[in-house]
Amino acid sequence: MTKQKKKPKIYDYFKETEDPYAGGVAWCPGCTLELTARFVPKVLGNDIILVGCPCCAAPVLYGQNLGTWHRLSYFSSLMTGVASSATGISRYYRKIGRDATVVCFTGDGCSADVGFQPLSGAAERNERIIYITYDNEGYMNTGYQRSSTTPMGASTSTTPAGTISHGKPTPAKNVPLLMAMQGAAYAATATLSHLDDFARKLTKARQKIKEGFVYIHVFSPCVMGWRIEADMSIQVCRMAVRTNYFPLWEAENGRFRLTHEVSSPKPVQEYLRLIRKFSHLKETEINEFQQMVDRKYAVIKRLCVTE
Amino acid sequence: MIAQKGKKMVITGNATAAYGAMLCRPDVATSYPITPMSEVAEQLSAFRANGLMETEMVEVEGENSAMNVVAGASMAGGRTFTATSSWGLSFMYDAVQHAAGFRAPIVMVIANREAPGILAVSGGQQDIISVRDAGWIQIIVEEGQEILDTIIMAYRLAEDYDIQLPVMVNYDGFYLSYMATAIEIPEQTDVDHFLATLKEQPKRQVLEPGVALGCGTHGIEKGFVELRYRQCVAMERAAAKLDEIDREFGELFGRSYGGQIEEYRIDDADIVVVASGGVAGTAKVAVDTKREQGIKVGLIKLRLFRPFPRQRLVEALNGKKAIGVIDRSVGFGWDCGPMAMELRALTPEIGIVPILSYIDGLANLDITIPHIERAIDEVQSAALGKSYQEVTWIPLEE
Amino acid sequence: MVHNDKFMFPYEGAWSDGREKLLCLDTGSWRVNRPVLDKEKCNYCSLCALYCPPQCLKDMGDHYAPDLDYCKGCGICARECPRGAISMMPEGEFADDSAKR
């Protein structure tokens, strides 16, 4: 068998070859956050300043006394202060004329909930920062509680399915869409099954930050919280895209575009059955879920320009 | 070198604060408007809009963000300024503590106002009492010129290599914030000269892109204890440092304020009134009147509230026969004013003397000369061994 | 009074410093199943390495090999390999070379 010598195209997007993280860090086996965290500096570079807060990433991004798990410059903010701390850092560098890329890296609990106000404020002020959300649809670090990106019907530790409860009663907040609607220079969705797409979007982010606020929302399944097998997390990402549950799109200065259009989407049931947080859903609820997915997709589809 | 005579202007306390900030050339400034300090934000924005300062102004969407912006900018290496009041201070509380733990040398002015709980768009000092354990240096000033001069001194204190702590400069909301008085605006070159000392010291640790330094590491076990200890030690150092800076400021600009405390007719006094902020001015008049009547009373204006000026107070209060403390706030759970409570903690050093707590000036109520004269009479009576009431809510007894 | 030479942090404030060495966990010991490559099936497409969350698959020139010091045994490489060249084998079967892990 002749082996392919040339590396795939995705390697062209990589700026860095050295992984800034220690080999062994405290993320669960199969964690998509770990892949996201290690992937982002590959494309953005190791000279970024990372701003984060207490979340699943914190046990690795934060130091422990003098020790640290990575070689990135890091600022540990509060859940309420990530986008605003990043604003302060980026404005100071602007003041002294220093070129530095400030990257916020938080879970959905920060960006969609308690840190939403400063995120929205930074987007409105068009701050030159890149904000990356790894969306694991809940407060996974504190024990799998619901957040406002938890989808309707999901059983979490604060919306457990029970004899009278069918999981979370309301659908998820669409943060990337809100950011795009706020006029972000660049807003996009990405996930780990489609790494070329993700890498291209990060590369784009590096350019667009010169114009203003950049937001990337990364769909990142949580093995523990969603109750999936460790080796299935990339499959779950892929199925989320193939069912249009998580469409991949970008909005550049308000111009929407689907970056990976699915020609014949699979029924969302194929996605739901992979994840045990949905295992209690009955047929009618699955139908409702399908309608919700269709509605949300229709909105994005209508916003997108036909090429 | 003696500073040039600055231009005099009749401006409000808020505008004075903005001039003070501008003269210190902050790299990043931000604030979210709130009564009674909104004018600080407006004035700074006007300076920026007219090219009078090169500061990056961030018009944030809330006070919590204001504090986080300056915390980030400060730890990146910038000089920062912000302003707030009351509800705003409460809303930024997590970030206020965070900034102190980071050892971010932020300077923030606060136009003091009643804190949330009972709606009051009016002055009081409850807001600073609610953050007294947040790890910030807290200075309270009496009048307009002192606002400006103290802001300049506050940068010297905050950014001192041995201190590296954030500083709050407090002035009475509504009274001082809106009152226009004649203020001497120092020349920029003189302020630059006064702050230049900061460039000669070792550089504090700041964020560096591409360098593996993490700001805000987890303090684990003894590491945590060390960080807390060093925060406390730096806070302790700030007390004497403020005296030094105040003296140096006086030598250069011809104005000084006593550093940690201002002592007024203390030396031969038998009894002492302790007050802070604008009420100290009123108290000086009352002290003079009572002196004419033969009561040997003096005044201590508490300028530094955190760190508590323990040493200076002990020296000034030693041998005094009774003390009256005027608080514009309450100390929940102690049935007395918070500053009175802290004065009581000096008992091992100054001995057991009557300490009378007066709660007055809440919700903008005027602390009048008769109020203070009454307090002086009662303190004098207590000094003579007569029975006294420990706590007096003056407005409720009028 | 505590003396400065007792301090752990070289400067004021809570800073971690990764300029010299990094903290590292023995995540290899978490592994229950180990990825084993059938080199015959492998076409060196690199998907396994790209998807590996701890990024511990090393480029060997014609295939990728897991760094067993860090591989947590999640099995994503095996699941994602389009040619089914990687299989997850129980760690117990490698008891003999446990020194090498």
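This section describes a strand and a helix pair in chain A, the domains of chain B, and the contacts between chains. The model is predicted.

In chain A, strand β4 spans residues 130-135. Of its 6 residues, 6 are buried, so the strand is largely enclosed by the rest of the structure. In a regular strand the side chains alternate between the two faces of the sheet. In β4(A), both faces are covered. Ile130(A), Ile132(A) and Tyr134(A) are buried on one side. Tyr131(A), Thr133(A) and Asp135(A) are buried on the other.

Two strand partners of β4(A) were identified in chain A. Strand β3(A), residues 102-107, pairs with β4(A) in the parallel sense through 5 bridges. Strand β6(A), residues 214-219, also runs parallel to β4(A) and is joined to it by 6 bridges. Ile130(A) takes part in both pairings. Val103(A) stands opposite Ile130(A). Val214(A) is the bridge partner of Ile130(A) in β6(A).

Helices α3(A) and α5(A) also pack in this chain. Helix α3(A) covers residues 82-96, and α5(A) covers residues 116-124. Their axes lie 7 Å apart at an angle of about 40°. An angle of this kind is neither under 35 degrees nor within 65 to 115, so α3(A) is oblique to α5(A). On the α3(A) side, the contact involves Val82(A), Ala83(A), Ser84(A) and Thr87(A). These residues meet Pro118(A), Leu119(A), Gly121(A) and Ala122(A) of α5(A). The contact has 5 nonpolar and 3 polar residues, with no charged ones.

Chain B is assigned two domains: domain 1 (7-253) and domain 2 (262-397). The C-alpha centres of these domains of chain B lie 28 Å apart. Contact between them takes 27 residues from domain 1 of chain B and 21 residues from domain 2 of chain B. On the domain 1 side, the elements giving two or more residues are α6 (126-129), β6 (137-140), β7 (167-172), α8 (175-178) and α10 (222-253) of chain B. Helix α10(B) gives the largest share, 5 residues. By class, this side of domain 1 of chain B has 15 nonpolar, 6 polar and 6 charged residues.

Chain B also touches chain A, with 37 residues from chain B and 34 residues from chain A. On the chain B side, β3 (56-58), α3 (63-76), α5 (93-102) and β9 (213-215) each supply at least two residues. The largest share, 10 residues, comes from α3(B). This side of chain B divides into 17 nonpolar, 15 polar and 5 charged residues. Strand pairing crosses the interface as well: β2(A), residues 73-76, pairs with β9(B) in the parallel sense over 2 bridges. Here Tyr74(A) stands opposite Gly214(B).

Chain C contacts chain B through 13 residues of chain C and 20 residues of chain B. The chain C side comprises 7 nonpolar, 3 polar and 3 charged residues. Strand β9(B) takes part in this contact too, pairing with β1(C), residues 15-17, in the antiparallel sense over 3 bridges. Leu213(B) has Asp17(C) as its bridge partner in β1(C). Strand β9(B) thus pairs with a strand of chain A in the parallel sense and with a strand of chain C in the antiparallel sense.

Conventions. Residues are numbered from 1 along each chain as its sequence is written. Chains are lettered from A and ligands numbered from 1 in the order in which they are written. This is a predicted model: local features need pLDDT of at least 70, side-chain atom pairs count only at pLDDT 80 or more; totals for chains, interfaces and linings use all residues. A residue is buried if 20 or more other C-beta atoms lie within 10 Å of its own, exposed if 12 or fewer, and partly exposed in between; C-beta atoms are placed from the backbone. Helices (H or I, at least four residues) and strands (E, at least two) are DSSP runs, numbered from the N terminus. Two strands pair if DSSP finds at least two bridges between them. Domain bounds come from an automatic or database domain assignment. Two residues are in contact if their C-beta atoms, placed from the backbone, lie within 7 Å. Ala, Val, Leu, Ile, Met, Phe, Trp, Tyr, Cys and Pro count as nonpolar, Asp, Glu, Lys and Arg as charged, and the others, Gly among them, as polar. Axes are lines fitted to C-alpha atoms, for helices over the stretch in contact, and angles run from 0 to 180 degrees between N-to-C directions. Angles under 35 degrees count as roughly parallel, over 145 as roughly antiparallel, 65 to 115 as roughly perpendicular and the rest as oblique.
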